[in-house]
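Let's take a look around this one together. Have the sequence and the 3D view open, and follow along chain by chain.

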Amino acid sequence: MTSTSWAQSAHLVRSTGFGGSGALVDVVDKQGAAAWVQQSLHADASHDPTVTATPAPTFDTLPPLGKGASREERQKRRQADREQVNELLAWWIRRMATAANPMVEKLTFGWHNHFSTSASKVRSASMLLGQNETLRALGRGSFLDLAEAMVKDPAMLVWLDGQKNTATAPNENLAREFMELFTLGHGGGYTETDVKEGARALTGWTVSRLDGTARFMARRHDSQAKTLLGTTADLDATGFVRVVLGHNASAPFVVGRWWRLLAGPGGPPPDALARIVAAYGPGRDLRAMFGALFTDPALVSAAGSVVVSPVEWVVGSMRALSLTADDATVRRAAAMMRSLGQVPLHPPNVSGWPSGQAWLSTAAATTRVRAATTLVRAADLHAVEDQPASARVEAVAHLLGIPTLSGRTAAELKKHVGLPPRLVATALVCPENLVI
Amino acid sequence: MSLPPIDPKKPMDGLTRRSLLRASGVGGAAALLAGAAGVTWHQVMERGQETPLASNSPILVLLSMYGGNDGLSTVVPYADPAYHEARPELAYDPADVLHLDDQLGLNPGMTGLAKLWSDRKLAIVRGVGYPRPDRSHFRSMDIWQTGSPETPVPTGWLGRWLDTAGDDPLLALNIGEVLPPLAVGTKATAAALAVGGNANKTTGADAALTAFAVPDAADGPAARMVVASYAARQRCEQTFGSLTSSDGADAPGDSGGNGNRASLAAQLGLVARCITANVPTRVYTVSASGFDLHANEKDAQTAHLTEIDKAVTAFRSALAGTARERDVVLMAYSEFGRRVRANASEGTDHGTAGPVLLIGDSVKAGFHGDEPSLTDLDDGDLKTTTDFRAVYGEVLDRMLGADPTRVLDKVPAAVGLFA
């Protein structure tokens with residue numbers, strides 16, 4: 001049995017990272033949750049050797065295919081694109097699994113879910129990496145900057161047809177999903193007219209087929225007045241973002257979406273929502289929002305409300321078991337994520353991944369058992385093996401950062417103390433390890 | 001109306017209205033209910049032998065087309081000048097369209113369906129939609145799947161039929177391990193069959209899951225969900241009898257381990273094999289996606305519809321000459337059609353009403369419902385001429401022998417879809 005503060009630190013570690021880890025919980029508990037959150041939110045990763053050890057790959061921009069490209073040339077190009085995206089995926093998994101403090105990667109993954117963009121349509125690893133770096137760089141800054149960067153982001157422009165949106169005939173895709181899924185929410189006070197007017201404001205952006213960068217072309221932009229959410233002006237992309245984020249529904253929506261990711265489907269209680277929205281404030285300050293969110297008493301008491309997602313579970317297992325993130329291990333991790341239904345860079349649609357029950361199919365239960373058996377094979381199990389049999393259940397709970405095991409789980413784990421790999425594999429799939 | 005009122009706020013075993021709503025995603029990789037009985041190919045085949053479906057039982061195959069299929073590029077109003085005016089780049093040449101009459105024709109890729117039309121086995125319900133259309137993929141698909149346009153409800157229309165139709169877990173079977181919301185009821189859900197891969201294989205290394213299927217007073221909400229999923233896995237084993245590992249072979253397929261990515265041809269191939277093996281399933285659910293074509297629509301739309309046409313044609317061929325052939329009706333729908341006027345990217349934005357297709361020997365072939373006008377529009381979109389609940393009501397009544405008023409909040413007059 002651990003202390004209340006250790007249990008709260010364990011929940012914080014799972015909320016702000018991938019899975020649990022007793023070693024990290026010890027650090028947080030010693031430093032104090034609030035101080036650790038602030039330090040992590042202000043951390044400069046460029047000085048963290050566990051981050052700089054995994055530099056982002058660079059991708060040559062593949063030359064555009066001509067109109068007359070043959071079927072074979074197209075297939076070859078698709079294959080080259082896929083290989084680059086797989087390399088990008090491997091890099092990100094490696095970064096998630098090895099950064100000493102996982103918070104920045106967890107936030108980046110959360111923003112990836114928020115501004116859900118898939119390689120299925122974007123294809124270009126270079127653009128996807130660009131978006132990923134933007135989410136990482138701005139994900140703790142102002143949401144005004146992040147949201148504005150997203151409506152001008154090459155991968156996003158390709159994903160939601162923003163580069164096809166011109167004054168002569170606007171394409172509504174980006175404007176609609178921006179309001180529905182990124183900033184206001186369905187039923188968040190905008191109308192079909194606002195979608196059309198917003199699309200006009202976003203006209204003029206293109207993506208270069210030569211270097212994959214976004215450019216504004218004034219002659220494709222609709223510079224007439226638009227009326228968006230009651231504001232009439234010659235709005236451009238920047239103005240569009242400012243008007244939408246200025247709407248009353250926006251702050252509660254952004255806070256609510258993060259809340260659901262970290263605390264489950266219920267939504268924040270009104271007092272917690274008010275506190276976190278107040279911290280977010282007129283500057284749309286994400287660092288302050290996360291600081292308030294991670295330490296809010298209502299979030300602390302929501303411990304145990306969220307089902308761990310496949311990416312969190314696989315990366316979390318790699319981290320807790322100190323797996324070496326070599327090519328083969330990372331490849332296996334990607335395959336596990338695929339069979340459990342969640343692969344970074346491949347969200348199912350623009351609304352991001354499902355949650356909760358979606359990860360708990362009867363098939364997933366069996367898949368997880370098989371994956372756990374594979375994961376422990378390459379694991380460093382000293383923390384468990386070095387203990388006498390009588391202390392191993394407690395040791396595995398600490399290894400995975402589980403504050404309290406139920407009687408049911410402890411009894412089952414006890415059966416396996418003689419065989420540490422099986423003990424650890426079993427603990428990886430116990431209900432206590434599958435929740436945040 | 002004899003159906004008890006549904007409380008939209010009532011969470012159903014952790015699948016809340018919100019997650020249900022979010023779950024019916026554009027990609028077709030949708031929600032899953034932990035209680036869903038994942039079944040193996042072997043289990044399904046065994047049921048076909050032990051408790052075969054009674055002869056002459058109608059069988060519905062429901063195809064959900066995710067992304068908003070462009071109805072005007074599917075059933076093309078090729079003779080209407082307004083069509084060509086609204087879509088100068090995107091419109092199909094009247095010479096390429098497969099003429100159904102002197103006004104409408106099928107997309108050039110749908111040669112198999114054109115043949116079914118001339119064989120009097122294709123019914124096309126025109127202008128199908130619901131009041132106050134919503135142009136969000138997620139909300140609109142939720143409306144189509146729940147059958148409830150006014151109020152969000154936590155159950156699907158076929159799920160509510162399952163609630164009233166008895167206990168056999170195989171009464172409805174979803175192809176793919178992720179259940180769409182339409183197949184989720186309050187008490188009952190469709191079973192889920194994985195395509196390809198080995199997701200449902202039992203290994204023997206999972207004995208611990210039996211222990212973890214027991215609730216503990218210390219469990220929080222999420223842990224209770226995990227425990228429930230482990231318990232569901234066990235119930236499933238008990239329902240179908242335990243398997244040895246060699247029995248656990250999955251349904252053959254080409255999906256490479258992800259049921260949702262399986263081609264429609266692979267999905268329908270499995271359905272045909274189930275039907276001919278007398279599996280006691282009345283409703284099969286399959287899906288296709290990729291219809292959200294805001295840009296460069298024409299070629300992609302034709303390619304998608306060609307793929308669907310080929311899959312459906314092959315499915316019909318697989319049943320040809322069998323005793324079940326005339327019992328099977330395939331019905332296809334999408335969450336909305338698209339804007340009449342093309343956008344500048346040679347694509348179309350989200351719209352409203354669209355056609356519903358029904359294919360089978362028992363349908364009353366031909367057109368049903370009025371073709372929506374291309375000039376009398378509702379803010380640039382087609383006006384609904386047929387309420388989708390009229391279609392559902394008739395399917396429930398004529399194919400599933402159910403009282404539609406127990407499943408739907410409103411049952412408009414029948415369209416006359418069946419002969």
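## Strand 10 and its neighbours

Start in chain B, where strand 10 and strand 11 (residues 354-360) run antiparallel and are joined by four bridges. If you want one pair to find on screen, try B:Met331, whose bridge partner in strand 11 of chain B is B:Leu358. Keep in mind that you're looking at a predicted model.

Strand 10 of chain B has another partner too: it pairs with strand 2 (residues 59-65) of chain B in the parallel sense, over seven bridges. Here you can look for B:Ser64, which stands opposite B:Tyr333 in strand 10 of chain B.

So how many residues of strand 10 (residues 328-334) of chain B are buried? Seven of its seven are, which makes the strand mostly covered. In a regular strand, side chains alternate between the two faces of the sheet. For strand 10 of chain B, one side holds B:Val328, B:Leu330, B:Ala332 and B:Ser334, the other holds B:Val329, B:Met331 and B:Tyr333, and both faces are covered.

## A small open sheet

Chain B also has an open sheet of three strands, in the order 3-5-4, with antiparallel pairing. Strand 3 (75-76) and strand 4 (98-99) of chain B are at the edges with a single partner strand each, so one side of each has no neighbour in the sheet. Two bridges link strand 3 of chain B to strand 5 (residues 105-106) of chain B. One pairing to look for is B:Val75 with B:Leu106 in strand 5 of chain B.

Here are the pairings in chain B described above:

| Strands of chain B | Sense | Bridges |
|---|---|---|
| strand 10 and strand 11 | antiparallel | four |
| strand 2 and strand 10 | parallel | seven |
| strand 3 and strand 5 | antiparallel | two |

## Over to chain A

Chain A has 24 helices and four strands. Its radius of gyration is 23 Å, close to the 22 Å that the globule rule gives for 436 residues, so chain A is as compact as a globular protein of that length. Buried residues make up 57% of chain A.

The domain assignment splits chain A into domain 1 (4-36 + 307-342 + 352-434), domain 2 (41-246) and domain 3 (250-300). Between domain 1 and domain 2 of chain A, 14 residues of one are in contact with 14 residues of the other. On the domain 1 side, helix 18 (310-320) and helix 19 (327-340) of chain A each supply at least two of the touching residues. What kinds of residues are on that side of domain 1 of chain A? They divide into nine nonpolar, three polar and two charged.

Definitions and conventions: Residues numbered from 1 in each chain as written. Chains lettered and ligands numbered in written order. Predicted model: local features only at pLDDT ≥ 70, side-chain atom pairs only at ≥ 80, totals over all residues. Pairing = 2+ DSSP bridges. Domains from an automatic or database assignment. Contact = placed C-beta atoms within 7 Å. Nonpolar A, V, L, I, M, F, W, Y, C, P; charged D, E, K, R; others polar. Rg over C-alpha atoms; globule rule 2.2 N^0.38 Å. Buried ≥ 20, exposed ≤ 12 C-beta atoms within 10 Å, placed from the backbone.
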